Amino acid sequence: MLFSYIFRLRTRKGATVVSWRVNNQEQLFVSKQAIFDGKKAIRGGIPFVFPQFGTWTFGPQHGFARIIRWNLEKAPERLASGDVEAIFSIMDTDFTRSMWNYSFRLTYRLILREKELHFNIAVYNPSKDLTFSFNMLLHTYFKVPDVRRCQITGLQGCTFVDKTREGTIYQETRDIVTINEWTDRIYQNTPQEHIITNVVSGRKMRIQKYNFPDTVVWNPWVGSSKDMSDFGDDEYPNMVCVEAGHVSSPVILLPGTAFEASQILQVM
Ligand code: BG6
């Protein structure tokens, strides 16, 4: 089946896209040491970060969405257009309320096209009187032959929080960002589009995002690789995370309202 061949998603726990193939080439990085036991987030693919980005006093780092069980609303199906569509959802449970005491509904709609993968997300606050706030981010691990040869566009002029320098804030001066060291940056108010060069087969990857004002760029390099038990010490040259998110400020969702965001990945 087309779906299982070029687009795989782990829904039992975490709704993590773990494979996306274009022209028979895998586009996503998954560590050889990734653990698929449903207890921990998968080291690679596209983990779904919600309702917290980063460390969290009330629950696991990057929130609970990447470890809880998701519902399959619509099994993958080929549409008349030829696209393949699948819809997943989560809502509050006793477990989520033990960390984040709100009612919510979140739907995650994925559409696969020949060279594109679309992600449409909606969060609804069904409460009559309670407002809640959250972070959201698609933690995409792109597979690359050598991260040192990748160039990332669309960051010039943006301020960023450098997590490798105790959260110091800088402004990006480069029109093309390259990665030659441990990198963990939250770029703020980034434009809707980034292009990463020299991904798989020397191609370009276009990221288009809507209602995701931030872009996190992460590569653990040598030192931090050693700190992760589910990541090989020599794997860091083969991945780059460029993550569309709403993380430097929270989304504030009033009772009875919804928030929508989306991302399109396109191999060029
Ligand atoms: C990035 C963060 O998004 O995710 C990093 O900016 C973090 O600080 C990385 O180390 C990986 O996080 P985790 O929880 O999947 O190990």
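**Exercise 1. Strand β19 and its partners**

Task: In β19, which residue is the bridge partner of Thr215? Then find the other strands that pair with β19 in this predicted model.

Solution.

Step 1. Take Thr215. Its bridge partner in β19 is Ala244.

Step 2. Place that bridge in its strand pair. Strand β18 covers residues 214-219 and runs antiparallel to β19, with 5 bridges between them.

Step 3. Move to β9. β9 and β19 are antiparallel and are joined by 6 bridges. Met136 faces His246 of β19.

Step 4. Move to β10. Its pairing with β19 is antiparallel too, over 3 bridges. Here Tyr141 has Cys241 as its bridge partner in β19.

Step 5. Check the cover. Of the 15 residues in β19, 11 are buried, so the strand is mostly covered.

**Exercise 2. The annotated pair**

Task: Where does UniProt place the feature "active site"? Decide whether the positions are scattered or gathered.

Solution.

Step 1. Read the record. The UniProt entry, which is unreviewed, puts "active site" at His139 and Glu243.

Step 2. Compare sequence with space. The positions span 105 residues in sequence, but no two of their C-alpha atoms are more than 4.9 Å apart, so they gather at one spot.

Step 3. Look for a pocket. His139 and Glu243 both belong to the lining of the largest pocket.

Step 4. Locate His139. It sits in the loop between β9 (132-138) and β10 (141-143). Its relative accessible area is 5%. The cut-off for buried is under 20%, so His139 is buried.

Step 5. Locate Glu243. This residue is in strand β19, residues 239-253. Its relative accessibility is 1%, so Glu243 counts as buried as well.

Step 6. List the surroundings, leaving aside neighbours within four places in sequence. His139 is in contact with Gly45, Ile46, Pro47, Val49, His62, Trp218, Cys241 and Glu243. Glu243 touches residues including Phe53, Leu137, Leu138, His139, Asp214, Thr215 and Trp218. Trp218 thus appears in the contacts of His139 and in those of Glu243.

**Exercise 3. A buried asparagine**

Task: Which backbone oxygens does the side chain of Asn125 reach?

Solution.

Step 1. Find the residue. Asn125 is in the loop between β8 (116-124) and β9.

Step 2. Test exposure. With a relative accessible area of 0%, Asn125 is buried.

Step 3. Trace the polar contacts. The side chain reaches the backbone oxygen of Leu130 at 2.7 Å. It also reaches the backbone oxygen of Leu254, at 3.5 Å.

Step 4. Add the wider contacts. Beyond four places in sequence, Asn125 touches several residues, among them Ser103, Phe132, Leu253, Pro255, Gly256 and Thr257.

**Exercise 4. Cores and the β6-β7-β8 pairings**

Task: How many residues has the largest nonpolar core, and which strand gives the most to it? Then follow the pairings of β7.

Solution.

Step 1. Recall the background. Nonpolar side chains tend to be buried together in soluble globular proteins.

Step 2. Take the count. The largest nonpolar core has 68 residues. Those with the most contacts inside it are Phe48, Phe50, Trp70, Leu106, Tyr108, Phe134 and Met136.

Step 3. Find the top contributor. β19 gives the most, with 7 residues.

Step 4. Note the second core. It is separate, has 7 residues and includes Val49, Leu137, Val161 and Ile186.

Step 5. Follow β7 to β6. Strand β6 (residues 84-91) and strand β7 (residues 105-112) are antiparallel over 8 bridges. Phe88 has Tyr108 as its partner in β7.

Step 6. Follow β7 to β8. These strands are antiparallel and are joined by 8 bridges. Leu106 is opposite Val123 in β8. The hairpin from β7 to β8 passes through 3 residues.

**Exercise 5. Around Phe160**

Task: Is Phe160 buried or exposed, and what is it in contact with?

Solution.

Step 1. Place the residue. Phe160 lies in strand β12, residues 159-162.

Step 2. Apply the cut-off. Its relative accessibility is 4% and buried means under 20%, so Phe160 is buried.

Step 3. List the contacts. Outside its neighbours within four places in sequence, they are Thr168, Ile169, Tyr170, Gln171, Glu172, Arg185, Ile186 and Tyr187. One of them, Ile186, belongs to the second core.

Step 4. Set a distance against sequence. Phe160 and Thr96 are 64 residues apart along the chain. Their C-alpha atoms are separated by 31 Å.

Technical notes: Residues numbered from 1 in each chain as written. Predicted model: local features only at pLDDT ≥ 70, side-chain atom pairs only at ≥ 80, totals over all residues. Heavy atoms only, no water. UniProt positions renumbered as here; feature names shortened; annotations may be inferred. 1 Å grid on protein atoms, 1.4 Å probe; cavity = no way out; pocket = protein on both sides within 12 Å on 5 of 7 lines; lining within 4 Å. Helix = DSSP H or I, 4+ residues; strand = E, 2+ residues; numbered from the N terminus. Buried < 20%, exposed > 50% of the residue type's maximum accessible area, 1.4 Å probe, protein only. Contact = heavy atoms within 4.5 Å. Polar contact = N/O pair within 3.5 Å; in protein donor to acceptor, adjacent residues only side chain to side chain. Core = buried A, V, L, I, M, F, W, Y, C linked by side-chain atoms within 4.5 Å. Pairing = 2+ DSSP bridges.
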